[in-house]
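Biologist: I keep tripping over the words people use for structures. Could you show me how each one is earned?

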Amino acid sequence: MSDDHTHGHSAHDAPPNPYLEKHTTPEQTAALEKRVQALESLLVAKGLVSSETLDKLVETYENDLGPINGAKVVARAWVDPAYKERLLKDATAAIAELGFSGLQGEHMVVVENTPDTHNLVVCTLCSCYPWPVLGLPPAWFKDAAYRSRSVVDPRGVLRDFGLELDESTAVKVWDSSAEIRYMVLPERPVGTEDMSEEELTALVSRDSMIGVTKVEKNT
Amino acid sequence: MKSTPDRKISNMEGDAALPRKSGELVFHDAWERRAFALAVALCEQGQYQWDDFRDHLIAEIGDADAARADNPDAPFPGYYEHWLASLEKVLIEKGLCTQDQLRADGGEGTPPQTPPPGGSQRPVPRVPRPI
């Protein structure tokens, strides 16, 4: 690998967040465990919460897949050329226009698929991912095989996802980092001219915004 | 209970932002998950507005940052320690619990955050940890 490819693992992680490290000693942890347990018992006794609800609730937040945000961005770009222009120029701002934010200092860049060019997003070193718009990364996105093969053999990777591109279509691979998170603006499928923005939103899959599939009219 | 996350909670920004790694929430211990769930559940049930809780959280984090700016040796509480302290404050504020109930049930409560006066330089004995 060339010398200019110097960003180490830390460059790919989100900006340093001191809370990602555990600070408590085993004694402190045990005391906190007790304190929360007592609080939970108190609130359950008061009838304010149920323990079962709490388990489900954490699951909801931990498995927050919500690529719906990205789908709304794509559908808006399809129906509103002025929005699409803003999106391709300054994706962070255009995405924020729709009320989606939560990135911690990273910039969004949206790359457009056309009949001539297909874009594919990867994070070669870890799993940088635009989660506020796409939700949590799928397991394969973090897989070493996907990360390395996308660069060496992108067409092969796409074939594995069931996408056979014409030889004439160029494939561009975008390596996400801590500073820049890429998202693909897929092509609007033919025959969707009469569909509403809401109907279009439902067509847009997470995988199409990573660039491993195209958007199909009927899914 | 809602089946989708509240964006106001999951997309908090700045100091209050939930610790995440590649988008996934980071919990170090089981109690952090529980504390997270308690605060969110009570808000979903309308016991308080999310901003009521978040304001406490931002203040807690800001106070700790200020304390460390004055004294680099000040303790560094984790995100969910701030979270738990904020939850207790909002519960008292909204009359859902009393200070006494929290302490009576919570045993020792918050450990003292300041080192003992006198400035003894004796190092804190390290806790033996099983390998």
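Modeller: Sure, let's start with burial: 44% of the 131 residues in chain B are buried. Buried means under 20% relative accessible area, exposed means over 50%, and partly exposed is in between (1.4 Å probe, protein chains only).

Biologist: Before we go on, what kind of model is this, and how are things numbered?

Modeller: This is a predicted model, where local features need pLDDT of at least 70 and side-chain atom pairs count only at pLDDT 80 or more, while totals for chains, interfaces and linings use all residues. Residues are numbered from 1 along each chain as its sequence is written, chains are lettered from A and ligands numbered from 1 in the order in which they are written, and side-chain values use heavy atoms, with hydrogens and water left out.

Biologist: Why is Ser176(A) called buried?

Modeller: Its relative accessibility is 0%, and the cut-off is under 20%, so the word fits. Ser176(A) sits in the loop between β3 (170–175) and β4 (180–185) of chain A.

Biologist: And why is Asp15(B) called partly exposed?

Modeller: Asp15(B) comes out at 46%, and that falls between the 20% and 50% limits, so "partly exposed" is the right label. You'll find Asp15(B) in the loop between α1 and β1 of chain B. Leaving aside residues up to four places away in sequence, Asp15(B) touches Ile61(B), Asp65(B) and Tyr79(B); touching, or contact, means heavy atoms within 4.5 Å.

Biologist: What makes a stretch count as a helix or a strand?

Modeller: They're DSSP runs, numbered from the N terminus: helices are H or I with at least four residues, strands are E with at least two. Chain B has 5 helices and 2 strands, in the order α-β-β-α-α-α-α.

Biologist: How do you know that the length of α2(B) agrees with the expected one?

Modeller: The expected span is 1.5 Å times one less than the number of residues. α2(B) has 15 residues, and its first and last C-alpha atoms are 21 Å apart, close to the 21 Å expected. Just after that helix, Gly46(B) has a positive phi of about 80°.

Biologist: Why is α2(B) described as largely enclosed?

Modeller: Because 12 of its 15 residues are buried. Among them are Trp31(B), Phe36(B) and Cys43(B). The cover over its buried residues includes α2 and α3 (51–62) of chain A, along with α1, β2, α3 (50–70) and α4 of chain B.

Biologist: What makes Glu40(A) and Arg34(B) a salt bridge?

Modeller: The rule asks for a side-chain nitrogen of Lys or Arg within 4 Å of a carboxyl oxygen of Asp or Glu. Here the N to O distance is 2.8 Å, so the pair passes. Between chain B and chain A the count is 5 salt bridges. On chain B's side of that interface, α2(B) gives the most, with 12 residues.

Biologist: How many residues are in contact across the two chains?

Modeller: 60 residues of chain B are in contact with 48 residues of chain A.

Biologist: And what area do the two chains bury between them?

Modeller: About 5000 Å², 62% of it on carbon and sulfur atoms. Buried area is the accessible area (1.4 Å probe) that two parts lose on being put together, summed over both.
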